[in-house]
Amino acid sequence: ASAVPAIFTMEFLGLPKDNWRPFSDAAHTVIHTLPGEPEHEAANQELFAMIGRVFEVINARRAEPRDDLISYLAQARINDVPISDERLVQILTLVIFGGVDTTGALLSSVLEWLCRHHDVREELRAEPSLIPQATEEFLRYFAPVQGLSRTATQDCVIGGQRISAGEMVMLSWAAANFDEEAFADPDKV
């Protein structure tokens, strides 16, 4: 569950595929250990060093673009202004974490579940047209990200609740994905 998402992410970004394991190990460790723990701090330092190498790739892709995400972003312009190096690194860091850890977490949960549910695994093997629907259901049930915070940009009312501009709002996928009003049998895959 770690190798395939990490190798794909490295290829998609335009980074050397054979360097997938250090990115994967550091990303998993940073996410799954507490700040202040020695493992967390060591993995953070490793990620910072790797992101420093990504800066080198960004500069190389500005000079000689290739068919990869780093090249595309290094050449992109917003309102005719190139994306800053700082913003590029922020975007690429999100892609790395999303592609490496989040995808790996989802994939490992799905593989374990399919191992325990041979009937569904065989049904998906026999009818591949069901895979897109199964993918959506797996994303709902095994959501690797349980929630995100956002800042309201304007005053509004959602579900009868007044939210003022500047207020933080927690969006809970964990709650929404198991909402009985939205899903007939939310506790079942």
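# Reading burial, packing and turns

Guide: Let's start with Phe 178, which is partly exposed, with a relative accessible area of 28%. Keep in mind that this is a predicted model.

Visitor: Fine. How do I read that label, and where in the chain is Phe 178 placed?

Guide: The label depends on two cut-offs: under 20% is buried, over 50% is exposed, and partly exposed is in between. The 28% of Phe 178 falls in that middle range, so partly exposed is the class for this residue. As for its place, Phe 178 is in the segment after α8.

Visitor: Which residues is Phe 178 in contact with, beyond its neighbours in sequence?

Guide: Skip anything within four places in sequence, and you get Arg 140, Tyr 141, Pro 186 and Asp 187. You can also pair Phe 178 with Lys 188: they're 10 residues apart in sequence, and their C-alpha atoms are 9.4 Å apart in space.

Visitor: And Asn 177, is that one buried or exposed?

Guide: Asn 177 has 15% relative accessibility, so it counts as buried. Asn 177 lies in the segment after α8 (173-176). Leaving out residues up to four places away in sequence, Asn 177 touches Leu 139, Arg 140, Ala 143 and Phe 183. Arg 140 is also on the contact list of Phe 178.

Visitor: Let's zoom out. How many helices and strands does the protein chain have?

Guide: There are 8 helices and 6 strands. Going along the sequence, the pattern is α-α-α-α-β-β-α-α-α-β-β-β-β-α. If you want a frame for your viewer, the C-alpha atoms fill a box of roughly 55 × 50 × 40 Å along the principal axes.

Visitor: What share of the residues counts as buried?

Guide: 29% of the 189 residues. On the surface side, the accessible area of the chain is about 12200 Å², and carbon and sulfur atoms account for 56% of that. Then there's the sequence range of the contacts: take those between residues at least 6 apart in sequence, and 50% of them join residues at least 24 apart.

Visitor: Now the nonpolar core. Which residues touch the most other members?

Guide: The largest core has 27 residues, and the ones to pick out are Leu 13, Leu 15, Phe 23, Val 54, Ile 58, Ile 70 and Leu 92. At least two core residues come from each of α1 (3-13), α2 (20-32), α3 (38-63), α4 (69-75) and α5 (85-116). The top contributor is α3, with 7 residues.

Visitor: Take Ile 58 from that list. What is Ile 58 in contact with?

Guide: Apart from neighbours within four places in sequence, Ile 58 contacts Ile 70, Ala 74, Asp 85, Leu 88, Val 89 and Leu 92. There's also a second, separate core of 8 residues, with Leu 106, Val 110, Trp 113 and Phe 142 among them.

Visitor: How should I describe two packed helices?

Guide: You give the angle between their axes and the distance between the axes. Try α2 and α5: their axes come within 9 Å and cross at roughly 90 degrees. So α2 counts as roughly perpendicular to α5.

Visitor: Which residues make the contact between α2 and α5?

Guide: From α2 it's Phe 23, Ser 24, Ala 27, His 28, Val 30, Ile 31 and His 32, and from α5 it's Ile 96, Phe 97, Val 100 and Asp 101. By class, that gives 7 nonpolar, 3 polar and 1 charged residues.

Visitor: Ile 96 is on the α5 side. What is the relative accessible area of Ile 96?

Guide: Just 2%, so Ile 96 is buried. Setting aside neighbours within four places in sequence, Ile 96 contacts Thr 9, Leu 13, Phe 23, Ile 51 and Asp 101. For a distance check, Ile 96 and Gln 146 are 50 residues apart in sequence and 18 Å apart in space, C-alpha to C-alpha.

Visitor: Last one: backbone torsions. What is phi of Asn 79?

Guide: Phi of Asn 79 is near 55 degrees, and the point to notice is a positive value in a residue other than glycine. Asp 80 is another non-glycine residue with positive phi, near 65 degrees.

Visitor: Where are Asn 79 and Asp 80?

Guide: Asn 79 is in the loop between β1 (77-78) and β2 (81-82), and Asp 80 is found in the loop between β1 and β2 too. Asn 79 is exposed, with a relative accessible area of 75%. Asp 80 has 60% relative accessibility, so it counts as exposed as well.

Methods
Residues numbered from 1 in each chain as written. Predicted model: local features only at pLDDT ≥ 70, side-chain atom pairs only at ≥ 80, totals over all residues. Heavy atoms only, no water. Core = buried A, V, L, I, M, F, W, Y, C linked by side-chain atoms within 4.5 Å. Buried < 20%, exposed > 50% of the residue type's maximum accessible area, 1.4 Å probe, protein only. Helix = DSSP H or I, 4+ residues; strand = E, 2+ residues; numbered from the N terminus. Contact = heavy atoms within 4.5 Å. Axes fitted to C-alpha atoms, helices over the stretch in contact; angles between N-to-C directions. Parallel < 35°, antiparallel > 145°, perpendicular 65-115°, else oblique. Nonpolar A, V, L, I, M, F, W, Y, C, P; charged D, E, K, R; others polar. Areas by Shrake-Rupley, 256 points an atom, 1.4 Å probe, with all protein chains shown as cover.
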